[in-house]
Every structure is written in C-alpha cells, then in structure tokens.
Amino acid sequence: MARRAGNMLARLHTNCRKANPVPYIRDDDQMRCGVPDEKVPWHVPWSSYDPEDYTMKHVLSQPVWADPVSLGGLKFNSLDGKVDRRSHTGVYELDSDEGTAGRPLNPAGRTGLKGRGTLGKWGPNHAADPIVTRWKRDESGNIVINPNSSKQILQFVAIVRRDHGVWAIPGGMIDAGENVNVTLRREFSEEAMNTLELEPGKVLEVSKQVDELFAHGIEVYRGYVDDPRNTDNAWMETIAYNFHDDSGVSVGAFTLNAGDDAIGVKWTDINKDLKLFASHSDFIKKVAELHNADW
Ligand code: BGC
C-alpha cells in the first residue's frame, strides 16, 4: 500500500477495525484482517498489508444506489452528476497501488478489508440523522430531573434497525441529488411514525407537525462515521441534526410507530450508558451538551 500523509480523524475507528481478525458485519465467512492501533494511519508503512478484496453480491449486481465495479468515469472528490463524492472530512486520497489504483482511501485509515463490502459507493456514502428530542416528564407533566446531576433528563426517538438489530437514530441514506432536509424528514416519518402505512388523513397531520418541528433544526455533527460496514475504499459519513420539541406538545406528544427499516421505536432517556449503533452515542452526547441536559 502506498504511503501518504493521510488525514487522520480525532479518534481511531474501532467499529470497522479490530487488532485481531474478525468477520465482516454482514458475512461471517468474510474476515477482516487485524489492524493494530499503530498501523491504522495510511502514512505508517506496512508493506505486507494485503487485506481481502470484498464487495457483496447484491452490491455487485448494481442496484440503482450502487456504483459500477469499474472505477472508470467516476469523479472522486467532486459532485459527480447527481452523486456527491465529496467528503465532509476534506479531500481524500486515491490508492496508487497496482491492481487497486484509483480507489478512494478511507480518511480514517486502514480497516482490514478492501472493496466496498455492503456499501454501494466507492468513497463516501452519505447519510443523514434526525435526532428528535423532548424533555422527560412525569404523569403531572413536570420535567424529570436526575437527582445525582440536578439536570433535566432529555429523551430522543430511537429505533431498532432491521439490519443490525440494535438501537439507533432513525437515519438513512441521502439519495443522489436529494437535499438533506428531505432525507431527514422522510427517514423520521417512515421509520418512527410509519407514515408508509398510515391512512392518508393521518399522514397529512403527522407531516404537518414533522414539518413544523423540522423547520428549526440545529446541526450537531457532520463527518465520518465509525460504522461497522466501512472498508478501506468505502465508508459512511453523516450530517446529524437535532430537532427539539421543548414543550412536548407537537411531535413529542405523538404515538411512535416503527416502520420501513425499523422494527422497534421508543422515546429513550439520554445518558452516557446508551449503547447505540456506529458512533450514534457521540452525536447524542453533543445534543445533551447543547441543551445542558443530564448525561
Ligand atoms: C444510518 C444512519 C447512520 C449511517 C452511518 C446509515 O445507514 O441510517 O443512521 O448514521 O448509516 O452509520
């Protein structure tokens, strides 16, 4: 693997890389080779690093959301037609090794697997995460305070992901050419409110409330995600927004109903013991800080 400066991120990725060999998230028969902490940055020489090259069959069959196998014609680090191949982390490097030349290199370093795994795009795969919050209230409507911290407890809408079976923010992939606001609303409405299966009258009511709340979002994160699907050549990035229902009377009062890619949904107390998908608890922590809530 060629040596390059690499633009390492604040923290080492650990969900898509382990010091010892481990199976790839979606396929027990496909191993990632071990990558010790000190060998993660591309600029650290490792001449014998030769992980397997793996892209899952359903990606190779080239559904609309996936790139072709061949890199020919793809314009990395730019807006390529409708596909945004720019990274929130800055300019990423392209591999110069024979056989894999021209492939984008993960800006967070080595992962122990080449190819795209289950991800569709070479390089960044863009997602968006709506973090919808309200204050936790008791039966009389008073905000609940954690006596240990004397701080108010915040709740957010969490879903159980159909693919990994773990609690997560109800985010999703940004379609080619789509505005991030559209993705945020769609994913929240489909996964947490199940608008796909609501009767038309109810859909209108839900959409109106969601639109009102989503008109006032605060960006809490934009960048690389330490996602278990990441590989050396394909990785997840996201933009996370907080939408806070301070009075708890709009979306905060709605009955949640899991749908689409979610198989469970609930208002979840925010605290540091939360175990969430990928780096989602990092985003949730930022939201707790933003509202000076209990953590
Ligand atoms: C999820 C987002 C997540 C992103 C990166 C997407 O599949 O829907 O919630 O932030 O992956 O892990």
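## Ser279 and its backbone partner

Ser279 sits in the loop between β15 (262-269) and α4 (280-290); helices (H or I, at least four residues) and strands (E, at least two) are DSSP runs, numbered from the N terminus. With a relative accessibility of 10%, Ser279 counts as buried. Here, buried means under 20% relative accessible area, exposed means over 50%, and partly exposed is in between, with a 1.4 Å probe and protein chains only. A polar atom of the Ser279 side chain lies 3.1 Å from the backbone nitrogen of Asp226. That fits the polar contact rule: N or O atoms within 3.5 Å, where within protein one must be able to donate a hydrogen and the other to accept it, and residues adjacent in sequence count only if both atoms are side-chain atoms.

A word on ground rules: this is a predicted model, in which local features need pLDDT of at least 70 and side-chain atom pairs count only at pLDDT 80 or more, while totals for chains, interfaces and linings use all residues. Residues are numbered from 1 along each chain as its sequence is written, and side-chain values use heavy atoms, with hydrogens and water left out.

## Around the ligand

Which residues are the closest to the ligand? Its surroundings take in 14 residues, and the closest are Asp129, Gly171, Asp227, Arg229 and His280; a residue is near a molecule if one of its heavy atoms lies within 4 Å of it. By type, this shell divides into seven nonpolar, three polar and four charged residues. For that split, Ala, Val, Leu, Ile, Met, Phe, Trp, Tyr, Cys and Pro count as nonpolar, Asp, Glu, Lys and Arg as charged, and the others, Gly among them, as polar.

Now for the atoms. A polar side-chain atom of Asp227 is 2.5 Å from an oxygen atom of the ligand. The backbone joins in too: a polar backbone atom of Gly171 is 3.0 Å from a ligand oxygen, and a backbone N or O atom of Gly172 is 3.2 Å from one. On its own the ligand exposes 310 Å², and the protein buries 97% of that; accessible areas come from the Shrake-Rupley method with a 1.4 Å probe, and for residues only the protein chains shown count as cover. The elements giving two or more residues to the shell are β7 (123-135) and β12 (172-173).

## Salt bridges

How many salt bridges are there? The count comes to 15, taking a salt bridge as a side-chain nitrogen of Lys or Arg within 4 Å of a carboxyl oxygen of Asp or Glu. One of them pairs Asp50 with Lys114, the closest N and O atoms being 3.4 Å apart. Asp50 lies in the loop between β2 (27-32) and β3 (53-55) and Lys114 in strand β6 (residues 114-117), so this pair ties together parts 64 residues apart in sequence. The two ends have quite separate settings: Asp50 is exposed, at 58% relative accessible area, whereas Lys114 is buried, at 13%.

Helix α2 (residues 180-192) supplies Arg186, which reaches Asp175 in the loop between β12 and α2, so the pair ties together parts eleven residues apart in sequence. Their N to O distance is 3.4 Å, and Asp175 is partly exposed, at 42%. Arg185 meets Asp211 at 3.0 Å, N to O. Arg185 lies in helix α2 and Asp211 in helix α3 (residues 200-214), so this bridge ties together parts 26 residues apart in sequence. Arg185 is partly exposed, at 26%, and so is Asp211, at 36%. Elsewhere, Asp67, Lys75, Asp80 and Arg85 are linked in a network of salt bridges.

## Thr89

Thr89 is found in the loop between β5 (83-84) and β6, and is partly exposed at 21% relative accessibility. The Thr89 side chain makes a polar contact of 2.6 Å with the side chain of Ser87. Thr89 and Tyr224 are 135 residues apart in sequence but 6.7 Å apart in space, C-alpha to C-alpha.

## Cysteines

A disulfide is a covalent bond between the sulfur atoms of two cysteines. Searching the whole structure turns up zero disulfides, the cut-off being a pair of cysteine sulfur atoms within 2.5 Å. Why is Cys33 without a bond? The closest cysteine sulfur, in Cys16, is 12 Å from that of Cys33, which is too far for a bond. Cys16 is buried, at 0% relative accessibility, while Cys33 is partly exposed, at 25%.
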